[in-house]
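Student: I should like a close look at one part of this structure, namely the way in which two of its helices pack. Please set that part in the context of the chain.

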Amino acid sequence: MNIRLILIIIAGVFAVITGLTVAGLISVSRARWIALVGAVVFTVGGGAAIYFFSTTISEAGFDGLSFALGAFGGMSACALAGALLANFLVSLGGRRARSMPSGL
């Protein structure tokens, strides 16, 4: 277990907490649970992408605090994106086809 993985896990715990709070606030009541699941899935995916980038692609050294804050911000943004996507998909499925008025 290297220091980057430890920092990703710590930032991920805080990002999940804030991401679930924001996802619960922005989602409509009929899509709340699926938005929370979407937020968790996207947070884990964002954390995995940040860890993959930091270990394989990036050759530069890093400062621990900057890395943890960047990982927290990135995973929180992924949680927000997951909640918004889940809300969009639920609202898209709830639409009904509207017929055109007969006068047009």
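Tutor: The following account turns from the chain to the helix pair and then to single residues. This is a predicted model, in which local features need pLDDT of at least 70 and side-chain atom pairs count only at pLDDT 80 or more, while totals for chains, interfaces and linings use all residues. Residues are numbered from 1 along each chain as its sequence is written, and side-chain values use heavy atoms, with hydrogens and water left out.

The chain has 3 helices and 0 strands, where helices (H or I, at least four residues) and strands (E, at least two) are DSSP runs numbered from the N terminus. Its pattern along the sequence is α-α-α. Of its 104 residues, 28% are buried, that is, under 20% relative accessible area with a 1.4 Å probe and protein chains only; over 50% is exposed, and values in between are partly exposed.

Two packed helices are described by the angle and the distance between their axes. For helix 2 (residues 32-57) and helix 3 (residues 64-93), the axes come within 7 Å and cross at roughly 145 degrees; axes are lines fitted to C-alpha atoms over the stretch in contact, and angles between N-to-C directions run from 0 to 180 degrees. The residues of this contact comprise 15 nonpolar, 8 polar and no charged; Ala, Val, Leu, Ile, Met, Phe, Trp, Tyr, Cys and Pro count as nonpolar, Asp, Glu, Lys and Arg as charged, and the others, Gly among them, as polar.

Phenylalanine 42 belongs to helix 2. Because its relative accessible area is 33%, phenylalanine 42 is partly exposed. Its C-alpha atom is separated by 7.4 Å from that of alanine 81, 39 residues apart along the chain.
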